[in-house]
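Grab a pencil and work through these exercises with the structure open beside you. Each one sets a task and then walks through a solution.

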Amino acid sequence: MAGETVVLGQKVLAPDAAPAPASTFFIFGASGDLTQRLLLPSLYNLANEGVLSDDFAIIGVDRVEQSEEAYRAYLTEATKGLPGSCDVGGTTWSWLISRIGYIAGDFEDPATYGRIRERLEQRAGQTGNAVFYLAVAPRFFAAISEQLGAADLLKEAEGAFRHIVVEKPFGTDLPSARALNKRLLTVADERQIYRIDHFLGKETVQNMMALRFGNGIFEPIWSKEYIDHIQITAAETVTVEKRGRFYDATGALRDMVPNHMFQLLAMTAMEPPNSFDADAVRTEKTKVIEAIRHMKPSDAIGAAVRGQYRAGIVNGQAVKDYRAEQDVAPDSRTETYVALKCFVDSWRWNGVPFYVRTGKALSARRTEIVIQFKRAPGVLFRHLPTALKPNVMVIHVQPDEGVSLRFAAKVPGRKVRLSEVQMDFKYTDYFKAAPSTGYETLIYDCLCGDPTLFQRADTIEAGWEAVEPIIDAVAGGEDEVQFYSAGSSGPAMSDVMLAQDGFQWLSLERNRAP
Ligand code: BG6
């Protein structure tokens, strides 16, 4: 969040971020999908905003033997086909492409790192600052970092920075996440390691802090005294697509919960930090994740519903059974949907359930946080045919970013009758956001040395620790995966889980209104 200011009440959000310090941005996995689809377009958008230094360079590193020219041509071609805003004929693209180089080499061969060092030394007039972005398969995260360490490339001398960016998945369970942290921390300091959770790059997620701590009216009622329960949803319409190999070994729980979903939960439940200092913010978030109640594997079964999609229709398109998808085992028990009931054992949240759900091939794409407040005492309105509904606040993370609030109002007329109404704030009504992939802030912050929006080692481990009992229950074959039709709102058991507590998920199929 370095260098940003917000001009409230104006139609345009004025970015006044200073250019990031000069540096060399090495991308491991230079020919991969992430590089084309997200990193390059994000760097393009940053260049367009004018926040990259004139002395910035990108060096792709990958096994493919090719010349720098061929690599630049490959990127231009790949980017042309992307939906989005890179104008490959324009001046920003020429600015960017002229700063792109390439090093061919095996990630496990020390000679590759010799070439990287040479390249860094050759970059006349630059500062020695370097970012090593690991856009590679997770099995290379530690190996590349260790090679960088062995080649002395992570040593920060004379004020230069050396940062490593690690993509997700960060481990597959608690022991593997711990082992990965240990290996990374042997070659680099915690402050040099930038563990990405791209949900933290989303504007609305960052807006949680502005909403909660920049306003006087929400915080006093943001606790067990006034809040009944909280629902956190990340519903997707996409299927597993071509990611079967990764996804079938991973599942919705590991893919989304300890990272993205718990980050949303932490933003919702954290105490106000003392400052915007990276560690002040990250410590408060980590405290929340650490306070998620650990279940016994036997309790985990009742507190989690795992679902898998069957054939159905999503957005008018036929979707086949998950088990018939490419690279998915025909008898797979992997979940494509998971719903959990969590408690945060802190003074503020004692007894308030946090229901978390995420899934693929659902009826709507919707990421949102729903705060359901306690009902007003109905004494005055007991003569009405229907009971008062509780107030609900929805933070729309995506799409249609914004915040809405449902409350009761009197229907005009001589008789007292109440109706639900809603106030609705939409980002697009106030602010004109620049085109974005969601990675821009994260890359810019990493270039500026601001790790606020990145995960710390202890945060990641706390997330895994909280889901470990469910992983164990699944591994022990103790739970059943529930089927749901593609295009529905998930397995019926997930509704039952809330109904048992007297609640109901906010429908995925509604329009925006809560
Ligand atoms: C990724 C998961 O981290 O997040 C995907 O691996 C998921 O399975 C994606 O689809 C969701 O991100 P977004 O930004 O599209 O909501």
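**Exercise 1. A pair around a strand end**

Is Arg310 buried or partly exposed? Find its salt-bridge partner too, and place both residues in the fold.

*Solution.* Keep in mind that this is a predicted model.
- Step 1: Arg310 has a relative accessible area of 31%, so call it partly exposed.
- Step 2: its partner is Asp321, with the closest N and O atoms 3.1 Å apart.
- Step 3: Arg310 sits in strand S8 (residues 304-310) and Asp321 in the loop between strand S10 (317-319) and strand S11 (337-343), so this pair links parts 11 residues apart in sequence.
- Step 4: Asp321 comes out partly exposed as well, at 23%.

**Exercise 2. Two long-range salt bridges**

Work out which parts of the chain are tied together by Lys360 with Glu236, and then by Arg510 with Glu368.

*Solution.*
- Step 1: start with the contact itself: Lys360 and Glu236 form a salt bridge, 2.8 Å from N to O.
- Step 2: Lys360 belongs to the loop between strand S12 (353-359) and strand S13 (366-373), while Glu236 belongs to the loop between strand S7 (227-235) and helix H8 (244-248), so the bridge ties together parts 124 residues apart in sequence.
- Step 3: check the cover. Lys360 is buried at 5% relative accessibility, whereas Glu236 is partly exposed at 22%.
- Step 4: on to the second pair, where Arg510 and Glu368 also meet at 2.8 Å, N to O.
- Step 5: Arg510 is in the segment after helix H15 (492-499) and Glu368 is in strand S13, so here the parts joined are 142 residues apart in sequence.
- Step 6: both ends are buried, Arg510 at 13% and Glu368 at 1%.

For the wider picture, the model has 31 salt bridges. Shared partners link Arg212, Glu219, Glu271 and Arg348 into one network.

**Exercise 3. An arginine without a salt bridge**

Arg357 is buried yet has no salt bridge. What does its side chain join in a polar contact?

*Solution.*
- Step 1: locate Arg357 in strand S12.
- Step 2: look for opposite charge. The nearest such side chain is Glu368, 4.9 Å away, and the salt-bridge cut-off is 4 Å, so that pair doesn't qualify.
- Step 3: look for polar partners instead. The side chain of Thr233 makes a polar contact of 2.8 Å with that of Arg357.
- Step 4: fill in the surroundings. Beyond its neighbours within four places in sequence, Arg357 has contacts that include Ile232, Met261, Tyr337, Trp505 and Leu508.

**Exercise 4. Around the ligand**

Which helix gives the most residues to the shell around the ligand? Pick out some polar approaches to the ligand as well.

*Solution.*
- Step 1: list the shell. Among its residues are Lys168, Glu236, Asp255, Met256, His260, Lys360 and Gln398.
- Step 2: the top helix is H9 (residues 251-269), with 3 residues.
- Step 3: now the distances. Polar side-chain atoms lie 2.8 Å from a ligand oxygen for Lys168, 2.5 Å for Glu236 and 2.7 Å for His260.
- Step 4: turn to the area. On its own the ligand exposes 400 Å², and the protein buries 79% of that.

**Exercise 5. Backbone oddities**

Where are the cis peptide bonds of Pro169 and Pro399, and which residues other than glycine have a positive phi?

*Solution.*
- Step 1: recall the background. Most residues other than glycine have a negative phi, and most peptide bonds are trans.
- Step 2: the bond from Lys168 to Pro169 is cis, omega near 5°, and Pro169 is in the loop between strand S5 and helix H6 (174-187).
- Step 3: the bond from Gln398 to Pro399 is cis too, omega near -15°. Pro399 is in the loop between strand S14 (392-398) and strand S15 (402-410).
- Step 4: Lys168 and Gln398 should ring a bell, as both are among the residues around the ligand.
- Step 5: for positive phi, take Asp152, near 65°, and Glu241, about 50°.
- Step 6: Asp152 is in the loop between helix H5 (141-150) and S5, and Glu241 is in the loop between S7 and H8.
- Step 7: both are partly exposed, Asp152 at 40% and Glu241 at 43%.

Conventions: Residues numbered from 1 in each chain as written. Predicted model: local features only at pLDDT ≥ 70, side-chain atom pairs only at ≥ 80, totals over all residues. Heavy atoms only, no water. Helix = DSSP H or I, 4+ residues; strand = E, 2+ residues; numbered from the N terminus. Buried < 20%, exposed > 50% of the residue type's maximum accessible area, 1.4 Å probe, protein only. Lys, Arg positive; Asp, Glu negative; His and termini not counted. Polar contact = N/O pair within 3.5 Å; in protein donor to acceptor, adjacent residues only side chain to side chain. Contact = heavy atoms within 4.5 Å. Near = heavy atom within 4 Å. Areas by Shrake-Rupley, 256 points an atom, 1.4 Å probe, with all protein chains shown as cover.
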